[in-house]
Amino acid sequence: MWDAVTTAKKQTVRLKSSYVMSVCMEKEGRFVAAGGLDNACSVYRVGGEQSKLSTELVSHEGYLADCKFFHSPAKMLTASADATSLLWDVEKGQIIEMMMVPFCNFYDWICILYDARPPRRKLCR
C-alpha cells in the first residue's frame, strides 16, 4: 500500500495468490480485498505492523474479475467469469445474494444494475 501524495510505501500485503485481477480497499482503510485466477476473494485486515488474512470468500467457478466493498467492510460484492455476481457477508463468509448474468463476455461494454436493497414493506393504515 502506498501513500499517493508522498509516494512512500505504507504497508506490504502478502497475497495468497500471485495471479490477481482485482484489488480494493475499504473506505476507512482497515481492510483490503484481492482476487483473481484462484476464483476466490481474500480479505485482509491491515493497519498494524503486519497484514492478516481475515476471510476467504470462495464459491465462484470462474476467475474473479472484480471485487468491491459494498457500503461497509461487512459486505463484499464480487463478479466472476462464471457469469455470477455474489453479495457476501464478509464476517460469516456466506453468500447473501447471487445475481446471474444471462450472458458473459467481458469484452461487451454493458452495465447491468441490480437493486440489492431489501424489499420495502408496505405500511398498513
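Ala-83 counts as buried, at 12% relative accessibility. Buried here means under 20% relative accessible area, exposed means over 50%, and partly exposed is in between, with a 1.4 Å probe and protein chains only. Ala-83 sits in the loop between strand 6 and strand 7 (84-89). Strands are DSSP runs of E, at least two residues long, numbered from the N terminus. Now look at the backbone. Ala-83 is not a glycine, yet its phi is positive, about 70 degrees.

A word on the model. It is predicted, so local features need pLDDT of at least 70, side-chain atom pairs count only at pLDDT 80 or more, and totals for chains, interfaces and linings use all residues. Residues are numbered from 1 along each chain as its sequence is written, and side-chain values use heavy atoms, with hydrogens and water left out.

Next, His-71. Its phi is near 70 degrees, again a positive value in a residue other than glycine. His-71 is found in the loop between strand 5 (64-69) and strand 6 (75-80). Is His-71 buried or exposed? It is exposed, with a relative accessible area of 70%.

On to the core. A nonpolar core is a set of buried Ala, Val, Leu, Ile, Met, Phe, Trp, Tyr and Cys residues, joined through side-chain atoms within 4.5 Å. The largest one has 13 residues. Those with the most contacts inside it are Ala-33, Cys-41, Val-43, Cys-67, Phe-69 and Met-76. Which elements give two or more residues to this core? They are strand 2 (31-36), strand 3 (40-45), strand 5 and strand 7. Strand 5 gives the most, with three residues.

Take Val-43 from that core. Contact means heavy atoms within 4.5 Å. Leave aside the neighbours within four places in sequence, and Val-43 still touches a long list. Among its contacts are Phe-31, Val-32 and Ala-33. The list also includes Leu-53, Leu-57, Phe-69, Met-76 and Val-90.

Now the cysteines. A disulfide is a covalent bond between the sulfur atoms of two cysteines. The cut-off used here is a pair of cysteine sulfur atoms within 2.5 Å. How many disulfides does the structure hold? Zero. Start with Cys-24. Its closest cysteine sulfur is in Cys-67, 3.9 Å away, so that is too far for a bond. Cys-24 counts as buried, at 8% relative accessibility. Then Cys-41. Its closest cysteine sulfur is in Cys-67 too, at 4.1 Å, and that is also too far for a bond. Cys-41 counts as buried, at 0% relative accessibility.

Charged side chains next. A salt bridge is a side-chain nitrogen of Lys or Arg within 4 Å of a carboxyl oxygen of Asp or Glu. By this rule, the count comes to four. Arg-30 forms one with Glu-26, the closest N and O atoms being 3.5 Å apart. Arg-30 also meets Glu-28 in a salt bridge, 3.5 Å from N to O. Glu-26, Glu-28 and Arg-30 are thus linked in a network of salt bridges. How exposed are they? Glu-26 counts as buried, at 3% relative accessibility. Glu-28 counts as exposed, at 56%. Arg-30 counts as partly exposed, at 35%.

Another of the salt bridges joins Asp-66 and Lys-68, 3.4 Å from N to O. Asp-66 is partly exposed, with a relative accessible area of 32%. Lys-68 counts as partly exposed, at 42% relative accessibility.

Last stop, Val-13. Its place is in the segment before strand 1. Val-13 counts as buried, at 17% relative accessibility. What is in contact with Val-13, leaving aside its neighbours within four places in sequence? Met-1, Tyr-44, Val-46 and Ser-51. One more pairing to find on screen is Val-13 and Leu-53. They are 40 residues apart in sequence and 9.4 Å apart in space, C-alpha to C-alpha.

Key: Helix = DSSP H or I, 4+ residues; strand = E, 2+ residues; numbered from the N terminus.
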